[in-house]
Amino acid sequence: MAARKERELGAALGEAGVMVATAADRDAVRAARSLERNASIDAALALSEGFDRLADHFDDQLAPIPALQCAADATTTLRLGALVHDNDYRHPIVLAKELATMDVLSDGRIEVGLGAGWMMSDYEQSGIAYDPPGVRVGRFIEGLHIIKSALGPDAFSFDGAHYTVTDYDGMPKPVQSPPPVLIGGGGPRVLRFAACEADIVGINPTLTSGAIDASTFESMTAEAVDVKVGIVRDAAEGAGRLDAVELNIRTFVVVVTDDVAGALDTIAGFTGAPTEMVIQWRDLDARQQPCEVRLPSPTPAPHLPDDAAMWACWG
């Protein structure tokens with residue numbers, strides 16, 4: 001029964017991504033291994049030909065690097081990466097070596113997700129300095145340059161405001177040359193940088209508050225997302241790489257239910273916003289072009305009530 005449910009969910013997700021967060025999700029890893037051993041199905045964490053991504057925080061979740069390697073060991077085509085590694089938590093040389101090792105062990109299936117760091121509680125609990133956004137972003141930009149260089153074919157040196165690297169030749173060399181890079185951003189500086197440097201650009205909330213709160217969702221209205229996509233488009237076009245950039249967006253809240261009032265209260269509690277504001281967000285998004293959910297055959301598309309379908313499109 002459990003194996004069948006894993007197969008059905010994997011087929012339904014298709015090429016979508018899933019985030020695996022808490023320690024309880026180790027059961028999904030065990031299920032994935034059982035699927036591949038017993039049914040020769042190339043799936044992990046209830047995915048079929050998809051992507052597995054882990055966040056990088058200090059709360060109740062699996063550590064991304066060993067967890068992703070576990071998923072890689074259970075599969076043969078699943079692509080894996082963090083959404084995203086916080087540049088401040090590891091020296092970029094250390095992270096580059098771990099990523100290169102994972103790319104070798106997975107036969108070239110790693111994607112490099114990197115961000116400047118934003119969750120204030122991680123910094124407060126660990127004692128890592130929570131520098132102003134401009135400083136963290138500057139350090140992240142240098143960190144990505146070092147990681148890319150370390151994953152490259154030759155030795156390199158770097159002398160920046162935050163890091164110094166001398167005659168370093170990263171080993172092992174990754175199978176991919178180079179692995180694709182994902183950068184998520186909510187502000188103009190990071191979005192422009194991502195458009196010029198990343199293969200995948202994540203359209204994120206503006207997280208200057210250091211927490212998921214009402215401001216997070218206010219910065220992800222349809223109009224706000226249009227502005228952010230426009231920033232990426234203009235920067236990528238200016239860099240001559242518009243066709244090389246893939247866009248990514250994370251859906252923070254998906255509620256499939258007939259109890260709309262209960263869903264509104266749940267989302268209000270999650271965001272810290274008044275229920276009236278959540279209703280305004282819902283009504284705003286309801287006026288946008290409806291999204292279409294496509295599932296790979298032969299899996300039939302599930303029936304969703306109108307309100308539930310609308311909420312599944314809201315993120």
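# A tour from the sheet strands to helix α10

Among contacts in the protein chain between residues at least 6 apart in sequence, 68% join residues at least 24 apart. The model is predicted. Display the whole chain to begin: the protein chain has 12 helices and 12 strands, and 46% of its 315 residues count as buried. Colour the surface by element next. About 15500 Å² is exposed, and carbon and sulfur atoms supply 55% of that area.

**Stop 1: the largest core.** Select Phe 140, Ile 147, Ile 183 and Val 201. These are the residues with the most contacts inside the largest nonpolar core, which has 46 residues. Centre the view on Ile 147. Leaving aside residues up to four places away in sequence, Ile 147 touches Pro 92, Leu 95, Ala 96, Leu 99, Val 112 and Leu 114. A second core, separate from that one, has 11 residues, and Val 260, Leu 264, Ile 267 and Ala 273 are among them. The last stop returns to part of that second core.

**Stop 2: strand β10.** Select residues 181-185. In β10, 5 of 5 residues are buried. Val 181, Ile 183 and Gly 185 point one way from the strand, and Leu 182 and Gly 184 point the other way. In a regular strand, side chains alternate between the two faces of the sheet.

Which strands pair with β10? Strand β7 (residues 110-115) does so in the parallel sense, over 3 bridges. To see one of the bridges, select Leu 114 together with its partner in β10, Ile 183. β11 also pairs with β10 in the parallel sense, over 4 bridges. Here, pick Leu 182, which stands opposite Ile 200 in β11, and then Gly 185, which stands opposite Ile 203.

**Stop 3: strand β11.** Keep β11 on screen. Ile 200 and Gly 202 point one way from this strand, whereas Val 201 and Ile 203 point the other way; all four residues are buried. Val 201 was already selected at the first stop, as one of the residues with the most contacts inside the largest core.

**Stop 4: helix α7.** Select residues 188-197. The buried residues to show in α7 are Val 190, Leu 191, Phe 193, Ala 194 and Ala 195. What covers them? The cover includes α6 (133-150), β10 (181-185), β11 (200-203) and α9 (222-238).

**Stop 5: Thr 216.** Select helix α8 (residues 214-218), where Thr 216 is found. Is Thr 216 buried or exposed? Its relative accessibility is 1%, so Thr 216 counts as buried. Apart from residues up to four places away in sequence, Thr 216 touches Pro 205, Thr 206, Leu 207 and Ala 211. Add a C-alpha to C-alpha distance from Thr 216 to Asn 204: the two are 9.0 Å apart in space and 12 residues apart in sequence.

**Stop 6: helix α10.** Select residues 260-271. Helix α10 has 12 residues and reaches 16 Å from its first C-alpha to its last, close to the 16 Å expected at 1.5 Å a residue. Show the buried residues of α10 as sticks: Val 260, Ala 263, Leu 264, Ile 267, Ala 268 and Thr 271. They lie on the same side of α10, because they cover an arc of only 135° around the axis. Rotate to the other side of α10, where Thr 266 and Gly 269 are exposed. Val 260, Leu 264 and Ile 267 also belong to the second core. End at Gly 272, which follows α10 and has a positive phi, near 80°.

Terms used: Residues numbered from 1 in each chain as written. Predicted model: local features only at pLDDT ≥ 70, side-chain atom pairs only at ≥ 80, totals over all residues. Heavy atoms only, no water. Helix = DSSP H or I, 4+ residues; strand = E, 2+ residues; numbered from the N terminus. Expected span 1.5 Å × (residues − 1). Buried < 20%, exposed > 50% of the residue type's maximum accessible area, 1.4 Å probe, protein only. Arc of directions from axis to C-beta. Contact = heavy atoms within 4.5 Å. Areas by Shrake-Rupley, 256 points an atom, 1.4 Å probe, with all protein chains shown as cover. Core = buried A, V, L, I, M, F, W, Y, C linked by side-chain atoms within 4.5 Å. Pairing = 2+ DSSP bridges.
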